[in-house]
Amino acid sequence: MKMPFPRLAARGALSRGLTLVAIALASAGAPAWAADTPPARLPRPPGIAPLPKVSSPRLYVIDCGTLTYNRPEDYQLTREEVADTNMSVPCFLVIHPKGILLFDTGLSDRLVGRPLWENVDGGYGQIKFNTLRGQLADIGVTAADITYLAISHSHWDHVGNANDYAGSIWLTQKAELDFMFGPGADAAYLPLYSALAHGRKEVFEGDHDVFGDGTVILKFTPGHTPGHQALYVKLAKTGGVVLSGDLWHYAEERTLHRMPKEEESTSTPASREAVERFLKERNAHLWIGHSTAFFSNAIKSPGWYD
Ligand SMILES: [Zn+2]
């Protein structure tokens, strides 16, 4: 999703609660584990499935919620042009022989079981049936097993559970780090990811080869936010896929060449062109995460692509 524009002056109960959390965090100071030493690994919970062992990368598509929305005009599309104005919110897990990467953390697990009226933000209704944590457990993965956390960008529908994975090494573009913790940071959403400030991180500018073998690459695609990144995964049977982040939201943005008006003057057009070229070069598929057509047809976790 894109940030509501203009921003709403009045926020819901959820955001007011988060603001209070922000104040509490600010007054509590840095947590005890804020030092450079990695946090102690928690014991593996009893009864959890064994951690999958792989010889080539495996990609899981995880249900991290749904956004109900009916203003495709904000993306310069009409209701007639868009097959479904709602948006899926996936998280992705890559299990590689050398480690595990979580890409995006979706809507907050705290929304599960709460009434919809509590969870409307900027016109987006947030529906969440299953926790990310529980779906990872169904795969056989706990937070302590995850080597790396990366987010496509820091909007609230992508960082809802980021604090739960602050024990992993956070892979971030410098521009997004500055955007998230600089003077322009939104106090209402910062508490969703505030723990990342104190954890281990790798900060870079441009593309980043996560495991050093070219199979999992964060692609610098600024525009939607200053440090937005997509993720390329090269799979042995499926082939190459690029996870779009919010470089596109609706599939019709790609076919009809539309984007939010305010992004026309950002790097989004250049980032889209670069990704289109990359897709051709690598003969890779584009998976648009917010497209309900993509999500409903995808093999969902605990199934996988390899
Ligand atoms: Zn989004």
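Two strands are taken to pair if DSSP finds at least two bridges between them, and the exercises below apply this to a predicted model.

**Exercise 1. Work out which strands stand at the edges of the open sheet of eight strands, and why one side of each is left without a neighbour.**

Step 1. Begin with the order of the open sheet, which is β4-β5-β1-β2-β3-β6-β7-β8, with mixed pairing.

Step 2. Look for strands with a single partner: β4 (120-121) and β8 (201-204) each have one partner strand, so one side of each is left without a neighbour in the sheet.

Step 3. Check the pairing of β4, which joins strand β5 (residues 124-127) in the antiparallel sense over two bridges; within this pair, D121 stands opposite Y124 in β5.

Step 4. Add the helices that pack on the sheet. Helix α2 (residues 132-139) touches β1 (58-68), β2 (87-96) and β3 (99-103), and its direction makes about 155 degrees with that of β1. Helix α3 (residues 174-181) touches β7 (169-173) and β8, and the direction of α3 makes about 100 degrees with that of β7.

**Exercise 2. Determine how strand β11 (residues 229-235) is paired with β10 and with β12, and how many of its residues are buried.**

Step 1. Take the pairing with strand β10 (residues 216-220), which is antiparallel to β11 over five bridges; here the bridge partner of K219 is A230 in β11.

Step 2. Turn to strand β12 (residues 239-243), which runs antiparallel to β11 and is joined to it by five bridges, with Y232 standing opposite V242 in β12.

Step 3. Consider the connection between β11 and β12, which form a hairpin with three residues between them.

Step 4. Apply the cut-off for burial, under 20% relative accessible area: six of the seven residues of β11 are buried, and the strand is therefore described as mostly covered.

**Exercise 3. Locate the disulfide of the structure, and decide whether C64 and C91 are buried or exposed.**

Step 1. The structure holds one disulfide, and this disulfide joins C64 to C91 with an S to S distance of 2.0 Å, a value that lies within the 2.5 Å cut-off.

Step 2. Place the two cysteines in the chain: C64 lies in strand β1 and C91 in strand β2, 27 residues apart, and the pair thus links distant parts of the chain.

Step 3. Assign the handedness, which is left-handed, with -120 degrees about the S-S bond.

Step 4. Compare the accessible areas with the burial cut-off of under 20%: C64 has a relative accessible area of 0% and is buried, and C91, with a relative accessible area of 0%, is buried too.

How values were computed: Residues numbered from 1 in each chain as written. Predicted model: local features only at pLDDT ≥ 70, side-chain atom pairs only at ≥ 80, totals over all residues. Heavy atoms only, no water. Helix = DSSP H or I, 4+ residues; strand = E, 2+ residues; numbered from the N terminus. Contact = heavy atoms within 4.5 Å. Axes fitted to C-alpha atoms, helices over the stretch in contact; angles between N-to-C directions. Buried < 20%, exposed > 50% of the residue type's maximum accessible area, 1.4 Å probe, protein only.
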